[in-house]
Amino acid sequence: MLVLVRLLYLRDLSWSSSLSRRKRDEAAAAKFLGLAPDQVLASGSYSGVKKRRKGRGAEAFRPWWLLLQDGDELILSVRGSANVDDIAIDMACESCDFLHGLAHKGIANAAAAVWEEARPKVEEALAGAGSHRWSRLVVCGHSLGGAVALLLGMSLRAEAKLPLPVFAFAAGPPPVFSGEQRPELEAGLLTVINGLDPVPHLSLDAALRLVCAAERLAGAGLSWQKTLTLLVGGTVPDAPKVEELTAGLEQKSLDKLLRIPGQAIWLIDACSGRQVLAVDLGDKLPQFSDALPEISNAQSALDHIMPAYIKKMDKAYSRLRSM
C-alpha cells in the first residue's frame, strides 16, 4: 500500500525470502519513518484468527502494532483498518462498560488485546533502558488505530501503573467513548482531523446503514462503479437511493452519545490550498462532531487516507514553524 501511494519504493523494501512477513513490514515501517532498524523494538503477531478474551463474552480482534524508539520517546503505533478482521472491529457496534462510561465494544476489546500482547515488550524496553531514560509513552494510530490509541491511552492513564507519562495521538479516528470529561485522563489525548474527513463525524448507526445499503445494492446486481456512486451520495438512473435501502433499520440510541475523547486540531485549507490552518477545536469538539453530514462525498473520503493526513500535517507544521 505504501508503494502504491508513493510513500515507499520497491527498491527500499527487503523482499527477501528469508524474512518473515512481520520482518518485512518492520523494515518497510522503519524506512518510511526514517528510523534505523534497531529503533523498531517489537511488533505484533499476525495470527489471522479471532481471539476470545476471557470474561468479555465476545470475539476480539488485535490490529497489528509497532513499538518504536524515537529519541527519548517510546512509541506504540497501532495500524488502521487493513483487512476483514479490522473491519469487523469497526462494525462491532455494541456498547460496553469502559472506565467511567461506555465505549465502542469492538474497539475497546481491540485496545485490550493490543496491550495484552504489547505490554511485555513495553515493560522489557523500560527495564532494559539502563542509562537511557524514557520521557513518555505515546500510543498513536490512524483511523481504527487512532481510536484504539485513544481508548488505550485513557486506560493506561487511569491505571497509572507505568513509571512514565502516557499520551495518545490519533489521526482521523471515529467517535468511540461516552462519559463525562475527566481532565486527568483526557488532557494527554490529541486528535488531528483533516479537512472534511467523514470518519470523525461517522456515527455507528450511519456505519451500519452504509454496510446494509452496500449488501442490498450487491444483491440488486449493480456494478461496483454504480454501487460506489450511490454510497458516496450520487445518483444512478433506475437504482434505489441509499435512504430507501436503509429505511426501517432501528437506530441505536448510544450512537448519538459517542464522542472523540481529549482535544482536537482541525486542519483546513486556506488561500486555495496554499496554506493549511490548524484550528484548535478546544471545547467545540462535541459540536464539531455534529456539524457535517455523517456520510459525505467522495472528495471528503479522500481526506481520510493517511497520505492526505501526512501532507496536511507537514504543511501545517512548516507554517507554524515559520510564524
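This passage describes the confidence, strand pairing, nonpolar cores and two buried loop residues of a predicted model.

The mean pLDDT of the protein chain is 76, with 64% of its residues at 70 or more. Among the elements of the chain, strand 9 has the highest mean pLDDT, 95, whereas the lowest, 44, belongs to strand 2 (residues 51–52). Over residues 48–58 the pLDDT stays under 50, and the model has 23 contacts beyond four places in sequence for this stretch. A further stretch with pLDDT below 50 covers residues 251–255, for which the model has twelve contacts beyond near neighbours in sequence. Where pLDDT is low, the predicted coordinates should not be read in detail.

Strand 8 (residues 136–142) pairs with two other strands. Strand 5 (residues 73–78) runs parallel to strand 8 and is joined to it by six bridges; within this pairing, Leu 76 has Val 139 of strand 8 as its bridge partner. Six bridges also join strand 8 to strand 9, again in the parallel sense, and here Val 138 stands opposite Phe 167 of strand 9. Strand 8 is mostly covered, six of its seven residues being buried.

A separate description applies to strands 6, 7 and 10. These three strands form an open, antiparallel sheet in the order 6-7-10. Strand 6 (95–98) and strand 10 are the edge strands, each pairing on one side only. Four bridges connect strand 6 with strand 7 (residues 101–104) in the antiparallel sense, and Phe 98 stands opposite Gly 101 in strand 7. Two helices lie across strands of this sheet. Helix 3 lies across strand 6 and strand 7, at about 90° to strand 7. Helix 4 (residues 144–159) lies across strand 6, strand 7 and strand 10, and runs at about 25° to strand 6.

The largest nonpolar core has 45 residues, and Leu 76, Leu 137 and Leu 151 have the most contacts inside it. Helix 3 (residues 105–127) supplies the largest share of this core, ten residues. Apart from it lies another core of ten residues, including Leu 35, Trp 64, Ile 75 and Cys 140. Beyond its neighbours within four places in sequence, Leu 76 is in contact with residues including Trp 65, Trp 115, Ala 118, Leu 137, Val 139, Cys 140 and Leu 152.

Two buried residues are located in loops. Pro 173 lies in the loop between strand 9 (166–171) and strand 10 (177–178). Its relative accessible area is 0%, so Pro 173 is buried. Excluding neighbours within four places in sequence, the contacts of Pro 173 include Ser 143, Gly 146, Ala 147, Leu 150 and Val 199. The C-alpha atoms of Pro 173 and Ile 193 are separated by 8.2 Å, with these positions 20 residues apart along the chain counted as their separation.

His 304 is found in the loop between helix 10 (298–302) and helix 11 (306–322). Because its relative accessibility is 14%, His 304 counts as buried, the cut-off being under 20%. Outside its near neighbours within four places in sequence, His 304 is in contact with His 142, Ser 143, Gly 172, Asp 197, Val 199 and Tyr 309. The side chains of His 304 and Asp 197 are joined by a polar contact of 2.9 Å. His 304 and Ser 143 are 161 residues apart in sequence, yet their C-alpha atoms are 7.9 Å apart. Ser 143 and Val 199 are thus in contact with Pro 173 and with His 304.

Methods:
Residues are numbered from 1 along each chain as its sequence is written. This is a predicted model: local features need pLDDT of at least 70, side-chain atom pairs count only at pLDDT 80 or more; totals for chains, interfaces and linings use all residues. Side-chain values use heavy atoms; hydrogens and water are left out. Buried means under 20% relative accessible area, exposed over 50%, partly exposed in between (1.4 Å probe, protein chains only). Contact means heavy atoms within 4.5 Å. A nonpolar core is a set of buried Ala, Val, Leu, Ile, Met, Phe, Trp, Tyr and Cys residues joined through side-chain atoms within 4.5 Å. pLDDT is the predictor's confidence in each residue, from 0 to 100. A polar contact is a pair of N or O atoms within 3.5 Å; within protein, one must be able to donate a hydrogen and the other to accept it, and residues adjacent in sequence count only if both atoms are side-chain atoms. Two strands pair if DSSP finds at least two bridges between them. Axes are lines fitted to C-alpha atoms, for helices over the stretch in contact, and angles run from 0 to 180 degrees between N-to-C directions.
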